[in-house]
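Okay, thanks everyone. I'll take a few minutes to walk through one model, so let me put it on the screen.

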Amino acid sequence: MSQKNADEVLRKHDTSSRYRTNLGWFGWVVGIISIIFTLYHLYAALERPFNTWIHSAFHLGGGTALIFMLYPASKKLLTLQATGNRWKDIVLGRGRGVPWYDVALAGTAIYCNAYLYFNYEQLTGNAVQVLGYSTHDYIVATLGILLVLEGTRRCVGLPIIIIAVVAILYALFGNYSPVFRHAGMSWETFSTNMFMSSGSGIFSIPIQVSGQFIFLFLFFAVVLMRTNIGQLFNDLAFRLAGKYVGGPAKAAVVASGLQGMISGSAVANTVASGSFTIPMMKKAGFKPHVAAATEATASTGGQLMPPIMGSAAFIMAQNVPDVTYNDIIIIAIIPALLYFLGAFLSVHFDAKKNMLHGLPVEELPTWRSLLNRIDLMLPLVVIVTTLVVGFTPMRAALLGIVTAFLLSFIRASTRLGFRGMVDMLIDAARTALPVIAACATAGIVAGTVTSTGLAGQLGQGLIALAGGSFLIVLVLVMIACIIMGMGLPTTANYVVTSTVAAPILYNNFDVPILAAHFFVFFFGILSEVTPPVCLAAYAGAGLANANPMTTGFTALKIAVAGFLVPYVLIFEPAMLLDGPVTDLIPAFVTVVIGMVALAAGLAGHFLTTANVLERTVLIVSGVLLVVPQLMVSAIGAIGLIIILVIQYRKASRERKNV
């Protein structure tokens, strides 16, 4: 598939990719601001010249200004082409350049956030506590909130805006709510809480983490892609798995897992890997919707892969007491591997059922070609090593960036000239914009939920609806996370679900807080492959020319084993490295065996083709094996052994009859 077609699919399904490319001379303005924005973050990481609130204001102000200059008010305006420099075209923003009103909005965004810097002493002093905020403060706060919401709508999409608007309306008019009552607050109180405070609202933990850590790791990913490490991941995956049954699909799973270590978007990961893997899968005999679904499922799992985890790992480390970022990325290894194992098993049994073979060895990359590029892995090694020995994520990211930058000069194909360095700085700023907007708006949602006590009321409502049953509550929380996560980028997805849903589990039941956060994080991510709004699956369908909804349901089937992982984390704390190894090993083994049974049952093939009864027993046995209770798992094991014996005899008869 051509790069042009891949870009078209990405822009169709990923709101963050719908930015202006035909800027004319204004491209110089946007480029210079982007370079300054990136260089400021590098300087701030080295010198830390401002406190967290002021740094976050600069981060948000510059990011929001760039959003208005790069992202048009509507998708239609992006596709319209100017027929000239007529006044009407300029006013409507159709064509080259940036319309005057977006320049005005960008300037207003800078003003609102600069206002916090120039009035910091006044806004944080005792005078505010005694005299209150001024009319000017209220105006700036109102404009700041509206600009954040509009900027987020442009580069992230409507789903999170709808959630934020509902939260705002509840904060203001909760006293009229027929179910969850809240005293309600004035707009003056709400706006200043959201924009004039660093403890909650827009400048709370999400945007702070975005400015301090996430931006640097996104820049790190940009530098890595400049060294063409993505192709190394693809080649390594095909060398490892390409020759086996269903090799291209298995390679797609491995490649997407590797890409996920540096990717911040399931849709972008699907398009980046899928433009290469989907044609290979179709060539090997996979149906278009299966090829697309496989890539979408694997790419979605990339958001679960440490060390970045779709940028959510940094916020999780701030939300969970007594757990550092270094702890998070180690703890996340087992859950991520289980998810990818489930996807791997699903494509394996599907390939066995349809007798789809691997690729000839001569068509695969050679080990020699891979070894010649093994140095491209060094930046990732530096990141992981520095984190393990105790460096801060900020320092580790800087060292990784420097390492990747120096490596780019080894090969002519990746060597950066002056123009390449400039483009790299510009790409770093643009890549961060959707994350900045999503974190700011997610801060509004989180601030509203915590200040109004909505999370507690939702929890009591769900418990009442479930009749107090813990398992039913888990199912309801799962459904809520999938619904809330639909259409949201990973970072905002996690902020919303962890604020609204996670407290239901650890405040009302004896669930470890870390397990609760992983539970909601997983199911928020899985919304990317859960119909009807499964953007990663739709993007994969666009690449494969497949039916989007069929692709979505196929992706859901491939990911089903992964749906069990969050429940395992709740019922078996050893999976989150909470307890002795003697508890971890048997739990891990039974879960893996259960995933094998479940994947085989869903595919309809174990040792040979399975009939309806055999498939049913395999699926039930797989689920029972995952349950961390000895008697229940034993029943599942017995069912699996019975089907194994039946399948073995059936396969033996089939071989004799050949």
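**Confidence, overall form and one helix pair**

Let's start with the weak spot: over residues 81-85 the pLDDT stays under 50, and for that stretch the model has eight contacts beyond four places in sequence. Where pLDDT is low, predicted coordinates shouldn't be read in detail. And yes, this is a predicted model. For the chain as a whole, the average pLDDT is 86, with 95% of the residues scoring at least 70.

Now the overall picture. We're looking at 34 helices and zero strands. The C-alpha trace spans about 85 × 60 × 50 Å along its principal axes. How does the radius of gyration sit with a compact globule? For 658 residues you'd want a value near 26 Å, and the chain has 25 Å, so that agrees.

Okay, on to the pair I wanted to show you. Helix H19, residues 333-353, packs on helix H32, residues 581-603, with the axes 8 Å apart and an angle of about 30°. Under 35 degrees counts as roughly parallel, so that's what we call H19 relative to H32. The crossing of H19 past H32 is right-handed.

Who's touching whom? On the H19 side, the contact includes Ile334, Leu338, Leu341, Gly342 and Phe349, along with Asp350 and Lys353. From H32, you get among them Leu584, Phe588, Val591, Met595 and Ala603. What's the mix of classes in the contact of H19 with H32? There are 14 nonpolar residues, plus two polar and two charged ones.

That's my bit, happy to rotate the view.

Notes: Residues numbered from 1 in each chain as written. Predicted model: local features only at pLDDT ≥ 70, side-chain atom pairs only at ≥ 80, totals over all residues. Heavy atoms only, no water. pLDDT = per-residue confidence, 0-100. Contact = heavy atoms within 4.5 Å. Axes fitted to C-alpha atoms, helices over the stretch in contact; angles between N-to-C directions. Helix = DSSP H or I, 4+ residues; strand = E, 2+ residues; numbered from the N terminus. Parallel < 35°, antiparallel > 145°, perpendicular 65-115°, else oblique. Left-handed = near helix turned anticlockwise from the far one by under 90°. Nonpolar A, V, L, I, M, F, W, Y, C, P; charged D, E, K, R; others polar. Rg over C-alpha atoms; globule rule 2.2 N^0.38 Å.
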